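Student: I'm new to this structure and would love a close look at a single part of it. Could you pick one strand and walk me through its surroundings?

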Amino acid sequence: MRTPSLVLLLTLSSLVTACRDEQAGPKPRTQRLPEPAQARLLDAAPSDLTFRAGTTFAEGAVVYLGSKVTPPNASPGEEVRLAHYFQARRPPPQGYGFFVHVVDDASGGMLINADHEVQNGAAPLASWPVDKVIEDVHSVPMPAVPARVMLGFWRGDARLPVDEASAQDGANRMMGPRLGGNAAAELPEYIVRRASAAPTLDGVLDDAVWKSATPVVLRGSFDGREVRLRTEARLAYDDEFLYVAFDAEDPDVWGTLRKRDDPIYEQEVVEIFLDANADGRTYNELQVSPHNVNFDASFVARRQGMDVSWDSGMKSAVKVRGTLDDASDKDEGWSVEMRIPFARLSEVPHIPPRPGDRWRFNLYRLEHHGRRTVEGQAFSPLFVGDFHALPRFAWLTFQ
């Protein structure tokens with residue numbers, strides 16, 4: 001007779017045997033979850049970007065370096081590859097997603113909502129290491145109308161602030177590359193005539209040289225659209241000098257900076273950039289404010305080697321049609337005359353310029369509507385938030 005303990009032991013043994021998995025083959029292994037994808041990190045953005053920016057979010061925490069559109073001139077409906085490049089300059093904000101909108105260039109209406117996670121979720125904004133470049137790649141169909149890519153970061157009902165007012169649409173959507181008809185707008189050309197007599201530098205544009213010079217009207221620097229306040233410019237030259245005139249409509253002419261080489265580019269200003277040998281590298285920047293404050297600098301490459309100790313030898317004069325620095329009344333505008341010595345400019349091929357010589361240049365104005373909203377104007381629209389976009393400089397041809 002078996003004892004109760006032995007019976008119980010045999011019964012448990014039988015149950016264990018009966019519950020055994022009878023499927024053939026080895027025992028199943030524990031399933032391992034896939035490893036999360038690793039973020040793609042670069043040391044620098046590619047050198048062949050088709051759109052360069054350098055504009056920033058969140059007080060400089062994140063910089064949008066630019067994008068590459070491939071192919072840049074696709075047919076309507078054809079898939080185009082968009083590669084965007086960003087860099088965190090300090091630990092980035094937390095909790096933000098990424099959005100990409102393609103909008104109609106004329107109306108601003110949404111054409112394509114291409115919102116997605118950066119690198120398919122492998123590189124959310126909060127995880128970006130400082131100083132490494134983040135690449136995000138996706139595709140959209142080429143719109144049938146001229147369009148622009150708008151991008152940025154969102155959290156709930158808010159968007160990460162864009163620092164530069166001129167780099168966004170007013171709703172914290174950063175302006176990215178253009179798609180469609182105007183993506184590769186032709187560069188304009190200015191034919192500069194020899195002056196029979198030098199203008200009197202008084203800011204009044206009534207000299208004979210200005211009456212015979214061709215006027216050009218500046219347009220929106222981002223998109224080439226008409227601007228709210230008209231700016232007209234003219235150029236002329238003789239053996240020693242390049243002469244430049246601006247006439248700007250402005251209901252409130254103002255400025256607070258008074259010293260030479262103060263950062264007048266942060267306020268209202270007119271500017272000319274000159275790349276005399278058209279090499280796309282060495283160039284000069286010259287500016288004049290309503291207070292006739294001058295700023296000049298030379299560069300060895302795009303935004304590189306800025307030398308503010310360089311003295312252009314420029315002389316200028318300003319005429320204000322109104323009351324300077326008084327916001328309580330309505331002004332008419334201001335005009336500027338600039339006289340720039342050829343001998344002081346960087347790498348001038350010939351002094352005086354020979355008929356047929358071709359330089360690269362651009363003309364600009366910065367207007368602060370209501371002393372708050374910044375509008376950039378240019379002779380050759382840039383389609384980027386950077387007046388130093390040398391590939392978009394116009395041609396200056398000496399007659």
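**A close look at strand S16**

Tutor: Let's start with one residue: Glu 271 stands opposite Tyr 364 in strand S21. Strands here are DSSP runs of E of at least two residues, helices are runs of H or I of at least four, and both are numbered from the N terminus. Please keep in mind that this is a predicted model, in which local features need pLDDT of at least 70, side-chain atom pairs count only at pLDDT 80 or more, and totals for chains, interfaces and linings use all residues. Residues are numbered from 1 along each chain as its sequence is written, and side-chain values use heavy atoms, leaving out hydrogens and water.

Strand S16 covers residues 269-275, and 7 of its 7 residues are buried, so the rest of the structure largely encloses it. Buried means under 20% relative accessible area, exposed over 50%, and partly exposed in between (1.4 Å probe, protein chains only). In a regular strand, side chains alternate between the two faces of the sheet. In S16, Val 269, Glu 271, Phe 273 and Asp 275 point one way, while Val 270, Ile 272 and Leu 274 point the other way.

Now for the neighbours. Strand S21 (residues 358-369) runs antiparallel to S16 and is joined to it by 7 bridges; two strands pair if DSSP finds at least two bridges between them. Strand S17 (residues 283-288) is also antiparallel to S16, with 5 bridges joining the two. There, Leu 274 stands opposite Asn 284.

Aromatic rings come next. The whole structure holds 21 aromatic pairs. Rings of Phe, Tyr and Trp (its six-membered ring) pair if their centres lie within 6.5 Å, and planes under 30 degrees apart count as stacked, over 60 as edge-to-face and the rest as tilted. One of the pairs is Phe 86 with Trp 128, tilted at 5.6 Å centre to centre and 35° between the planes. This pair links distant parts of the chain, 42 residues apart: Phe 86 is in strand S4 (residues 79-88), and Trp 128 is in the loop between strand S6 (110-113) and strand S7 (133-141). Phe 86 is buried at 1% relative accessible area, as is Trp 128 at 3%.

Back at our strand, the rings of Phe 273 and Tyr 283 have centres 6.2 Å apart and planes at 20°, so they are stacked. Phe 273 belongs to S16 and Tyr 283 to S17, 10 residues apart. Both Phe 273 and Tyr 283 are buried.
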